[in-house]
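User: Could you walk me through a few packing details of this model? I'd like the reasoning as well as the result.

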Amino acid sequence: MTEADICVMVPTIREYECMRDYFENARRHGFDLERLYPVLITEDFCDTGQMKEMLNEEIGTGEVFDGTRRKEWFSQNNIEEFSHLIPEASHAETSFGLLYMWNNPQFDYGIFIDDDTLPHEDSDFFGRHLQNLNSENTTVEKVQSDEKWVNVLYQNVEEHGLYPRGYPYSAMGEARDVEQDVLKKEVVASQGLWTNIPDLDAVRILMDGDLNGQAKTLTSKTDFTQDFVAKKGQYLTVCSMNLAFKREVIPAFYQLPMDENEWDVGRFDDIWSGVFLKRAADVLDKQIYNGFPLCQHNKAPRSTFGDLNNEVPGLELNEHVWEIVDEVGGGAESYDEAFEEMADAMIEASERDYINSEFYRKCGEYMKDWLSCLEKL
């Protein structure tokens, strides 16, 4: 019997049945289901019984953690003082999955899947992610720009004109340099992109003419031609809806405490964690791989103005967070060291004259607590 070595983390309060499609995708492509250990992260108001039943029917193993079970887990592991690290009813609760994975050393790999996505039938979803994470001498596109940011949708941007959620407005209109080259650095994260509804922020959705939190300009397979990496010193948006990674990155991959804060900053948890991860990867001479496998993003309708209300308090902060961490960590020899230096830089940046800059301090303090929590586990 194969021991599960892949922790599959799914934040969900709605469409957990999507996991049936992912399990079926594994069967269709001959991927060993015994390698997968699903962890559904949900809330007390959801039907956890049905979620457990679905997992038992499909795969016969896995965990479902609502708010009550998460509190119990913190208590059982004697880390109650760190329970504040996981916000309730927030996408950032995926950080609980990282803690669970860290506490179970049999997991070499983690995969984030959002519940409003589906795999493409003709692609081996899990197999392709694992292939990416173990790439050796693979030819990819290496991308850089004069703004130090790579638009993950650059391959057909002249046609659709899209920039993803979290991409700094000040970095738009960049001049890109793309070259074919052999990838020689170790890959520590694999970001799959998305067809159908692109991952846009509210301002860009409004500019696209959509009031339902989705988009009128959709993406298709033809918008993605080849896998790529952003060169060292370059940043890119990292969306956690379709993402695989190695265990080693967890210390530098905390999903920040969005939504539940006095500044009402939200919607940047995975974006900022991606910035931190890219900086740490650069310092340690590692790489983030992007492109395939694609997923189909079927975002449910909601008010674009509601998303805008959540994003506005952090828009100016998002323009500068990458600059803050880009200045530090150069001498770090581990993810822990790099992340701690970034935490100190975030705390120091709270003195800057930005709207809601004090939120940087909270992030930095939580980042330090994250490292302490991992150490205690």
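Happy to help; the questions below go through a helix pair, a glycine and the nonpolar cores of this predicted model.

User: How are α4 and α12 oriented relative to each other, roughly parallel or roughly antiparallel?

Analyst: Take helix α4 (residues 94-102) and helix α12 (residues 358-376): their axes come within 10 Å and cross at roughly 30°. Angles under 35 degrees count as roughly parallel. The two helices, α4 and α12, are therefore roughly parallel.

User: Which residues of α12 meet α4?

Analyst: The residues in this contact divide into six nonpolar, one polar and no charged. On the α4 side they are Ser-95, Leu-98, Leu-99 and Trp-102. Their partners in α12 are Trp-370, Cys-373 and Leu-374.

User: Is Gly-314 buried or exposed?

Analyst: Gly-314 sits in the loop between α9 (304-311) and α10 (315-326). Beyond its neighbours within four places in sequence, Gly-314 is in contact with Val-265, Phe-268 and Trp-272. Its relative accessible area is 0%, and buried means under 20%, so Gly-314 is buried.

User: Which helix gives the largest share of the largest nonpolar core?

Analyst: The largest nonpolar core has 74 residues, and Phe-245, Trp-272 and Phe-276 have the most contacts inside it. A second, separate core of 51 residues includes Ala-26, Phe-31, Ile-59 and Ile-111. In the largest core, the largest share is nine residues, and the helix they come from is α12.

Technical notes:
Residues are numbered from 1 along each chain as its sequence is written. This is a predicted model: local features need pLDDT of at least 70, side-chain atom pairs count only at pLDDT 80 or more; totals for chains, interfaces and linings use all residues. Side-chain values use heavy atoms; hydrogens and water are left out. Axes are lines fitted to C-alpha atoms, for helices over the stretch in contact, and angles run from 0 to 180 degrees between N-to-C directions. Helices (H or I, at least four residues) and strands (E, at least two) are DSSP runs, numbered from the N terminus. Angles under 35 degrees count as roughly parallel, over 145 as roughly antiparallel, 65 to 115 as roughly perpendicular and the rest as oblique. Contact means heavy atoms within 4.5 Å. Ala, Val, Leu, Ile, Met, Phe, Trp, Tyr, Cys and Pro count as nonpolar, Asp, Glu, Lys and Arg as charged, and the others, Gly among them, as polar. Buried means under 20% relative accessible area, exposed over 50%, partly exposed in between (1.4 Å probe, protein chains only). A nonpolar core is a set of buried Ala, Val, Leu, Ile, Met, Phe, Trp, Tyr and Cys residues joined through side-chain atoms within 4.5 Å.
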